[in-house]
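Let's take a guided walk through a protein model, one feature at a time. Keep the 3D view open and turn it as you read.

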Amino acid sequence: MICLSQFALGRAPPMAKPSVFRAEHPMALDLSPNPISHGAASSSRRRDLVFVVNPRGASGRTGKEWKKLLPYLRSRLSVDCNICESLTSGPSHAIDITREAIKEGADAVIAVGGDGTLHEVVNGFFSAGKLVTNHNRESAHSTALGLIPLGTGSDFARTFGWRNDPYEAVERIAKGVRSWVDVGVINGETGEPHYFINVADLHLSAKAGYYASRYKRFGNLCYVIGALQAFMGHRNQDLRVKVSSCLYIFV
Ligand SMILES: Nc1ncnc2c1ncn2[C@@H]1O[C@H](COP(=O)(O)OP(=O)(O)OP(=O)(O)O)[C@@H](O)[C@H]1O
């Protein structure tokens with residue numbers, strides 16, 4: 001699991017013209033429901049874990065795998081955790097579920113799916129450019145981000161050195177080991193923030209990711225098809241990118 005104080009996540013939604021990269025510090029996510037540093041819950045208290053499941057992830061494989069995993073997950077975690085399962089009904093729903101769970105005081109919100117689902121859950125940790133907080137301001141614990149990687153690519157999990165194995169993910173959650181992870185933010189043309197935890201792509205690789213999303217039914221082959229389609233008719237462009245007030249020009 002991951003804790004929140006510096007925060008960075010996967011794929012950003014396609015944006016008109018990403019104009020500015022702004023690094024924000026300190027901002028990070030704690031990927032674990034376990035109380036560690038900044039004053040979390042006492043270990044005697046049952047932890048409230050909210051699992052945000054995209055049943056349509058990996059062309060429906062996520063939903064099927066989740067059903068198989070759930071009995072094991074309950075037996076492994078329900079001794080000292082309250083488990084809440086929330087299925088997404090469509091794009092962006094995971095953002096709303098996450099915001100609500102944090103406001104209600106969840107110890108961890110755990111994305112179940114691929115990088116797109118993780119991306120939405122990360123964005124649910126923020127609202128109007130600020131971290132979402134627990135309604136009960138006297139509560140000492142902060143909500144952690146978690147992940148059960150069950151998507152097509154699950155690139156973030158691999159970047160983090162995790163295998164795409166849901167049972168291993170349950171073990172990580174049971175152990176409650178937290179890590180800090182950076183979160184980046186891109187402001188769209190109208191200034192609205194988009195948070196990312198894994199990678200933010202521009203131009204050719206962004207197009208490759210965009211096209212790949214159309215071919216998820218082919219599994220990991222979608223990324224090869226997406227890259228080829230992006231290369232076709234591609235023309236280089238000069239870019240001006242602003243990172244933390246520094247302007248970089250790519251030609
Ligand atoms: N109930 C739903 N029906 C259709 N689409 C959904 C639903 N819930 C979420 N989504 C959308 O599905 C998108 C892709 O999901 P997800 O990332 O979990 O799987 P994936 O694309 O197969 O995996 P990866 O991104 O790792 O390759 C998400 O960005 C989300 O917007």
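Start with Glu65, which forms a salt bridge with Lys68, and here the closest N and O atoms are 3.6 Å apart. Before going further, keep in mind that this is a predicted model.

Both partners sit in helix H1, and because they are three residues apart, about one helical turn separates Glu65 from Lys68. Here's a handy bit of background: an α-helix has 3.6 residues a turn, so residues three or four places apart point the same way. How open to the outside are the two partners? Glu65 has a relative accessible area of 23%, so it is partly exposed. Lys68 has 55%, so it is exposed, the cut-off for that word being over 50%.

**A bridge between two helices**

Now look for Arg76 and Glu171, another salt-bridged pair, with the closest N and O atoms 2.8 Å apart. This pair ties together distant parts of the chain: Arg76 belongs to helix H1 and Glu171 to helix H5, with their positions 95 residues apart in sequence. Arg76 is partly exposed at 33% relative accessibility, and Glu171 is also partly exposed, at 23%.

How do those two helices lie against each other? H1 (residues 61–77) and H5 (residues 166–175) pack at an angle of about 20 degrees, and their axes are 11 Å apart. An angle under 35 degrees counts as roughly parallel, so that is the label for H1 and H5. The crossing of H1 past H5 is right-handed.

**A little network**

Next, find Arg163. Which residue does Arg163 pair with in a salt bridge? The partner is Glu168, and the closest N and O atoms of this pair are 2.5 Å apart. The story doesn't end with two residues, though: salt bridges with shared partners join Arg163, Asp165 and Glu168 into one network. Arg163 is exposed, with a relative accessible area of 52%, while Glu168 is partly exposed at 28%.

How many salt bridges turn up in a search of the whole structure? The search finds five. Three of them are lined up here for a quick look:

| Salt bridge | Closest N and O atoms |
|---|---|
| Glu65 and Lys68 | 3.6 Å |
| Arg76 and Glu171 | 2.8 Å |
| Arg163 and Glu168 | 2.5 Å |

**Two serines with positive phi**

Let's switch to the backbone. Ser59 isn't a glycine, yet its phi is positive, at about 55 degrees. You'll find Ser59 in the loop between strand S4 (47–53) and H1. Ser154 also has a positive phi without being a glycine, with a value near 45 degrees. Its place is the loop between strand S9 (144–149) and helix H4 (155–159).

Are these two serines buried or exposed, or something in between? Ser59 has 48% relative accessibility, so it counts as partly exposed. Ser154 has just 3%, so it counts as buried, since the cut-off for that word is under 20%.

**A covered helix**

Speaking of buried residues, have a look at helix H3, residues 115–124. How many of its residues are buried? The count is 10 of 10, so this helix is mostly covered by the buried definition of under 20% relative accessible area. Among the buried residues of H3 are Asp115, His119, Glu120 and Asn123, along with Leu118, Val121 and Val122.

**Towards the end of the numbering**

Finally, bring helices H6 and H7 into view. H6 (residues 203–212) and H7 pack with their axes 7 Å apart, at an angle of about 130 degrees. That angle makes H6 oblique to H7. H6 passes H7 in a right-handed crossing.

One residue of H6 is His203, which counts as partly exposed because its relative accessibility is 25%. Compare the position of His203 with that of Arg172: the two are 31 residues apart in sequence, and their C-alpha atoms are 36 Å apart in space.

In H7 (residues 221–231), pick out Val224. Val224 has a relative accessibility of 46%, so it counts as partly exposed. Which residues make up the nonpolar surface patch that includes Val224? The members are Phe218, Leu221, Val224 and Leu228, and the patch covers about 380 Å².

Note on methods: Residues are numbered from 1 along each chain as its sequence is written. This is a predicted model: local features need pLDDT of at least 70, side-chain atom pairs count only at pLDDT 80 or more; totals for chains, interfaces and linings use all residues. Side-chain values use heavy atoms; hydrogens and water are left out. Patches are made of residues with over 30% relative accessible area and no salt bridge: like charges are joined within 9 Å, nonpolar side chains (Val, Leu, Ile, Met, Phe, Trp, Tyr) within 5 Å. Accessible areas come from the Shrake-Rupley method with a 1.4 Å probe; for residues, only the protein chains shown count as cover. A salt bridge is a side-chain nitrogen of Lys or Arg within 4 Å of a carboxyl oxygen of Asp or Glu. Helices (H or I, at least four residues) and strands (E, at least two) are DSSP runs, numbered from the N terminus. Buried means under 20% relative accessible area, exposed over 50%, partly exposed in between (1.4 Å probe, protein chains only). Axes are lines fitted to C-alpha atoms, for helices over the stretch in contact, and angles run from 0 to 180 degrees between N-to-C directions. Angles under 35 degrees count as roughly parallel, over 145 as roughly antiparallel, 65 to 115 as roughly perpendicular and the rest as oblique. A crossing is left-handed if the near helix is turned anticlockwise from the far one by less than a right angle, and right-handed if clockwise.
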